[in-house]
Amino acid sequence: MTTAEPRVKPKLDRHDLIIWIILVTVVWYVFIFALPASFIFTDEFKPLGGLVDRIGYMPDAMKFVALFYLATLPEFIGVFLYTRIPKRNRFIFRSFMPVNPRRTVKMLLFGLLVGFVMNFACIVCAMINGDVHFYLNFALSQIPFYLLTLLFVFIQSSSEELWTRGFMYERINVRYPLWVAMLVNSVFFGLLHVFNPGVTVYAIVEICVCGIAFSLSKWYTGSIWFPAGVHTAWNFTQNFLFGLPNSGLVSEASVFGLDAANARDSLVYSVGFGVEGAIPALVIDALLGVICLFLAYRDGRIGELFQRQVTPSKDPDGPQPLTKDPVTG
């Protein structure tokens, strides 16, 4: 007669705990990369203070772009460093790197198209309701500015996606079901905007819903670069094509100027926060999430929402790559 060996619980790794992941994200993303970078692009920082003014080309617009978009470059680079250098995070770094570069470019471009359509639909709702009016505010000489701005908006939008739908999403999914990873990173994403000008409780809720939709799109497409494209096009369309507040921040230059004096608050537009503080944005973000869920249900993948991925501590090479493309098969 033999006695059963006692079951040994696997050692708990604090790096897989939600509270630890949130703390690490706040420290590295917010305090190490974001806040210092924002400071060095202000006039108070003497080495760079006034540099944009001396460029002489659209100085107010360039200063806005530098402070709120180019300043996120350290966050963008930092997430690659933080997921590449520590061995326990390298499986996340590999999820950023395109296995199929051509498909990654397609996902990014498709995301840009989807993001433009989503934001433009919200703007059309506000126009039909009579809340916003526009006038053409464009010159051919501004084309280099807008092309450069699109790049900087991509850096800003992608940095948010890489930290939330990248690092937080993947790290939490090691120990917890996928739906938990989606919910936590989306709430964190919403709270990142809590100090933005003109913010409301409704706007934070809408951004959280947006985060869930982006998480679902990342899951279904298998690419972080699809939601990065959606996020980029959304921000660029409302801030630099139509001159609307982007989470409360108003650009100094845009292709179409907003007649701000005649803008009004309603259920479909928020004067202080833009389309993100109104009902159409909530509906269209939710629609993106529902479409992803429907397509996943059609493909028999809903069960993945309740699964964890391979624990990196037990797999030195991290989770193995998918043997089947989640979109094309």
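**Figure 1. The second largest pocket holds about 900 Å³ of space.** This close-up comes from a predicted model. Have a look around the pocket walls: 35 residues line the second largest pocket, and Y29, E160, L192, H193 and N196 lie nearest its centre. Two or more lining residues come from each of α1, α3, α7, α8, α9 (201–221) and α10. The largest share of this lining, 6 residues, belongs to α1. Sorted by class, the lining of the second largest pocket comprises 20 nonpolar, 10 polar and 5 charged residues.

**Figure 2. One cavity of 30 Å³ or more is present in the structure.** The largest cavity encloses about 50 Å³ of space. Its lining is made up of H15, W20, I21, V24, Y82, R88, N89, F167 and R171. Both α1 and α7 supply at least two residues of that lining, with the largest share, 3 residues, coming from α1. In terms of class, the lining of the largest cavity has 5 nonpolar, 2 polar and 2 charged residues.

**Figure 3. The largest nonpolar core brings together 41 residues.** If you would like landmarks, start with F80, F145, L162, F167, I172 and F240, which have the most contacts inside this core. At least two core residues come from each of α1 (18–40), α3 (59–68), α4 (73–84), α5 (90–96), α7 (143–172), α8 (178–191) and α10 (225–241). With 10 residues, α7 gives the most to this core.

**Figure 4. A second, separate core contains 35 residues.** Among the members of this second core are M107, M118, V230 and Y269. As a general backdrop, nonpolar side chains tend to be buried together in soluble globular proteins.

Conventions:
Residues are numbered from 1 along each chain as its sequence is written. This is a predicted model: local features need pLDDT of at least 70, side-chain atom pairs count only at pLDDT 80 or more; totals for chains, interfaces and linings use all residues. Side-chain values use heavy atoms; hydrogens and water are left out. A nonpolar core is a set of buried Ala, Val, Leu, Ile, Met, Phe, Trp, Tyr and Cys residues joined through side-chain atoms within 4.5 Å. Buried means under 20% relative accessible area, exposed over 50%, partly exposed in between (1.4 Å probe, protein chains only). Helices (H or I, at least four residues) and strands (E, at least two) are DSSP runs, numbered from the N terminus. On a 1 Å grid over the protein atoms alone, a cavity is a set of points where a 1.4 Å probe fits but cannot get out, and a pocket is an open set with protein on both sides within 12 Å along at least five of seven lines; lining residues have an atom within 4 Å of a point. Grid points are joined across faces, edges and corners, and a volume is the space filled by probe spheres set on the points. Ala, Val, Leu, Ile, Met, Phe, Trp, Tyr, Cys and Pro count as nonpolar, Asp, Glu, Lys and Arg as charged, and the others, Gly among them, as polar.
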